[in-house]
Amino acid sequence: MSKVSNVKVLFNGIIKENPVFVLLLGMCPTLGTTSSAINGLSMGLATTFVLVASNVVIALIKNIIPDKVRIPAFIVVIATFVTMVEMAMQAYLPALYESLGLFIPLIVVNCIVLGRAEAYAAKNTVFSSMFDGLGMGLGFSMALTLLGATRELLGTGKVFSLSVFPENYGMLLFVLAPGAFIALGYLIAVFNKLRKA
Amino acid sequence: MAKLESSFKNMLLVLAGISLFSALTLGSMYKLTEAPIAASKKAKQENAIKAVLPPFDRIADAEKITVEGVTDTFNVYKAYDKTDKFVGAAVESFSKNGFSGVIKIMVGFDVEGNIVDYSVLEQKETPGLGTKMLDWFKTDKNNQSIKGKNPAQNNLTVSKDGGEVDAITAATISSRAFLEAVQLAYAAYSNNPDAPDMTSGATAKQEAADSSTVAVTNN
């Protein structure tokens, strides 16, 4: 694999096949964790780590996994990394662990992670699988951060907990679940308009 | 290298191998993070105690105190200054009558039983509404604040129920649950077997117990 194509693989995940804005995968954590920009970003980065690590390991061991048990084998690998992230976060970032809560263990069943393992890592080299995981992960992080920032700005008047609008501003709707859908819809529209331009 | 054939033996060996490897990794990760996790939990609790009490020198171990009409026990952490004089106690209290899930709070009382401060340990209330309890009841605005009030002398229920405290806008249920937890904390504080001399003494104990039972049945 030449270097150029790896860069292409990287940007494929960030823009052309952005998991949230284009593929519309992983909607559950996308809607659930983006009540603030920092939550969205950390969820994105945790998922990125799992994506990169599981893609690399699966690309490494793809030849010794018999076809019929590949899905359970992938899931065990993914679950291992997710549990590692969960323990590390609980130990060193307890505040973040509390605000993301249940969504960290749920990365195991995130369809982006299993999807990339099955669609990419199981067929490609270790190195390009790593780039694919990184690209997809960064694309996911970018989407979650954008959505989180939008909701936080409209809902509480802050971005990354820094006040942008005057005190007491806030549309409660955007902090709650319906606001997540509305904001996501508009962001998808804007992203796709820009992508095609 | 060609793919392994999907024979029973291959499948069994590969899955067992992967699982074993994963178990080993997780086991060592657990060992590695065990101490920091315990430390961060402890630090969190100590910070919660520190935040709600007047300055103190040491905290006694948690005492389990029961309150009439409630099956769970309450943890009471008594604080002493340098001369071993009792300066107040932090009480871990809870309410199951929130809008969603259990609300756990830590309330600090001084020697006279006045509320010094509180902190919310755990809550799953509606974001933007019930979650305002994190600082609503310590904001000095209208009748919001419960700081400095004494549950024995002040009627710490929401104004809708004839009390002295302004409920969180559009979150009366969360506010009621929060105040119930505060009253239970006070009941636990005054039920403390070697409770310090409180100005209102036995009557306070009785009143607090009564109001907590009322609060429980009301909701």
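**Exercise 1. Which domains does the domain assignment of chain B give?**

Solution. The structure is a predicted model, in which local features need pLDDT of at least 70, side-chain atom pairs count only at pLDDT 80 or more, and totals for chains, interfaces and linings use all residues. Residues are numbered from 1 along each chain as its sequence is written, while chains are lettered from A and ligands numbered from 1 in the order in which they are written.

Step 1. The assignment for chain B gives domain 1 (8–52) and domain 2 (53–218); such bounds come from an automatic or database domain assignment.

Step 2. Five residues of domain 1 of chain B are in contact with 12 residues of domain 2 of chain B, a contact being two C-beta atoms, placed from the backbone, within 7 Å.

Step 3. On the domain 1 side of chain B that touches domain 2 of chain B, four residues are nonpolar, none is polar and one is charged. Nonpolar covers Ala, Val, Leu, Ile, Met, Phe, Trp, Tyr, Cys and Pro; charged covers Asp, Glu, Lys and Arg; the others, Gly among them, are polar.

**Exercise 2. Describe helix 7 of chain A and its part in the largest nonpolar core.**

Solution. Step 1. Helix 7 of chain A (residues 126–156) has 31 residues and reaches 43 Å from first to last C-alpha, close to the 45 Å expected at 1.5 Å a residue. The expected span is 1.5 Å times one less than the number of residues, and helices are DSSP runs (H or I, at least four residues) numbered from the N terminus.

Step 2. Of the 31 residues of helix 7 of chain A, 28 are buried, that is, 20 or more other C-beta atoms, placed from the backbone, lie within 10 Å of their own. Just after this helix, Gly157(A) takes a positive phi of about 80°.

Step 3. The largest nonpolar core (buried Ala, Val, Leu, Ile, Met, Phe, Trp, Tyr and Cys residues joined through C-beta atoms within 7 Å) has 59 residues. Helix 7 of chain A gives the most to this core, with 13 residues.

**Exercise 3. How many residues does each chain bring to the contact between chains A and B?**

Solution. Step 1. Chain A brings 25 residues and chain B brings 23 residues.

Step 2. Helix 4 of chain A gives the most to the chain A side, with 12 residues.

Step 3. The chain A side that touches chain B comprises 17 nonpolar, six polar and two charged residues.

Methods: Helices (H or I, at least four residues) and strands (E, at least two) are DSSP runs, numbered from the N terminus. A residue is buried if 20 or more other C-beta atoms lie within 10 Å of its own, exposed if 12 or fewer, and partly exposed in between; C-beta atoms are placed from the backbone.
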